[in-house]
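This report covers one helix, one loop glycine and one helix pair in a predicted model.

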Amino acid sequence: MAMTQPPYPSFGGDDARPCGYGEARVAVLPVAYEGTVSYGKGASRGPRAILAASAQLEMYDEELDCRIDEAGLFTLPPVTSLPPITTQPPGTPPPGEAPEAVMERIHAAILPAIRDGKLPLTLGGEHSITYGVLTALLAARGGRPFSVLQIDAHADLRPEYQGSRHSHASIMARVHELGLPFVQVGIRSLSGPERAFLRSEGLERNVFWAHRILAGPGGQWIDAAVNKLEEEVYITFDLDGLDPSIMPATGTPEPGGLDWSTALALLRRVGQRRRVIGCDITELAPIEGLHAPDFLAARLACKLIGYALRLGGE
Ligand SMILES: [Mn+2]
């Protein structure tokens with residue numbers, strides 16, 4: 001842990017247009033945190049893998065007919081965590097730094113960029129990190145709410161999990177407590193009590209189940225999902241929302257997920273019809289020697305930037 005790691009690469013690497021903080025429209029925040037991940041290990045290595053892969057990508061996007069780095073991309077110093085990852089019996093708090101302290105550090109790391117009008121793009125790390133970004137957005141907006149669009153295999157509505165309120169399995173319960181309306185897409189793994197919670201809170205109408213998306217007529221669900229979003233939207237993209245055939249590098253893969261073009265069709269429409277105020281990509285747990293998932297996550301980041309800022313006149 002104390003061994004010296006090379007510094008984090010910046011998004012886009014050396015080929016990206018050099019951009020100082022002041023002129024950047026996008027602030028990329030790497031968050032190498034996996035305090036509560038329950039099964040697969042390695043989400044703390046996700047941000048570095050995404051940034052490294054981004055340096056290998058063409059910044060030119062053929063769909064948007066522009067360079068993504070035209071937006072001005074500035075990579076902030078990473079938020080890292082130090083907890084040793086050990087197997088914990090259920091019900092005991094995770095080891096190391098308290099998750100609440102990590103959330104506060106994420107909040108503090110991204111708040112200035114939000115106040116400076118930049119689009120925050122956070123690279124995880126486990127899914128719980130979204131909380132620190134959302135509280136920063138609320139702080140910068142004086143508490144004015146916005147919608148959260150979640151792409152995920154999991155409902156993440158457990159009030160707490162393995163003794164932690166800031167578990168990856170609880171992020172949407174925290175979102176609900178923050179008073180933010182949300183839409184869930186790609187869901188195919190949840191507990192009976194989570195389903196009951198969705199029903200009792202009247203939230204189930206905002207769930208777009210993976211099996212319905214895959215079985216339904218192409219794309220009609222997308223407009224229905226976008227229509228449920230407020231004018232301003234934060235996008236939290238847990239990579240396990242995608243099918244494990246294209247995204248095996250995640251801690252808790254579930255079969256039957258979204259494919260690449262379906263996910264992009266949704267994000268593109270959100271960018272066209274709503275104002276995206278921030279986004280994150282979480283739960284990449286890189287697999288040694290398998291680079292495709294890292295590249296997918298990096299390309300997804302490019303697409304999110306392009307759609308959110310309506311680059312290329314989209
Ligand atoms: Mn998930």
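## Helix α8

In this predicted model, the buried residues of α8 include Thr 262, Ala 263, Leu 266, Leu 267, Val 270 and Gly 271. These buried residues pack against strands and helices from several parts of the chain: β7 (147-151), β8 (182-187), α7 (220-227), β10 (232-238), β11 (275-282) and α9 (292-308).

Helix α8 covers residues 260-273, which is 14 residues. At 1.5 Å a residue it should span 20 Å, and its end C-alpha atoms are 20 Å apart, so the expected and modelled spans agree.

## Gly 35

Gly 35 sits in the loop that connects β1 (26-32) to α1 (46-54). Is this loop residue buried or exposed? Gly 35 is buried, because 27 other C-beta atoms lie within 10 Å, and 20 or more are enough for a residue to count as buried.

Between the C-alpha atoms of Gly 35 and His 211 there is a separation of 31 Å; along the chain these two are 176 residues apart.

## Helices α1 and α9

A pair of packed helices is described by the angle between the two axes and the distance between them. For α1 and α9, the axes come within 8 Å and cross at roughly 75°. Angles of 65 to 115 degrees count as roughly perpendicular, and α1 and α9 are therefore roughly perpendicular to each other.

On the α1 side, the contact is made by Ala 49, Ile 50, Ala 53 and Ser 54. Helix α9 contributes Asp 294, Phe 295, Ala 297, Ala 298 and Ala 301. Of the residues in this contact of α1 with α9, seven are nonpolar, one is polar and one is charged.

Terms used. Residues numbered from 1 in each chain as written. Predicted model: local features only at pLDDT ≥ 70, side-chain atom pairs only at ≥ 80, totals over all residues. Helix = DSSP H or I, 4+ residues; strand = E, 2+ residues; numbered from the N terminus. Expected span 1.5 Å × (residues − 1). Buried ≥ 20, exposed ≤ 12 C-beta atoms within 10 Å, placed from the backbone. Contact = placed C-beta atoms within 7 Å. Axes fitted to C-alpha atoms, helices over the stretch in contact; angles between N-to-C directions. Parallel < 35°, antiparallel > 145°, perpendicular 65-115°, else oblique. Nonpolar A, V, L, I, M, F, W, Y, C, P; charged D, E, K, R; others polar.
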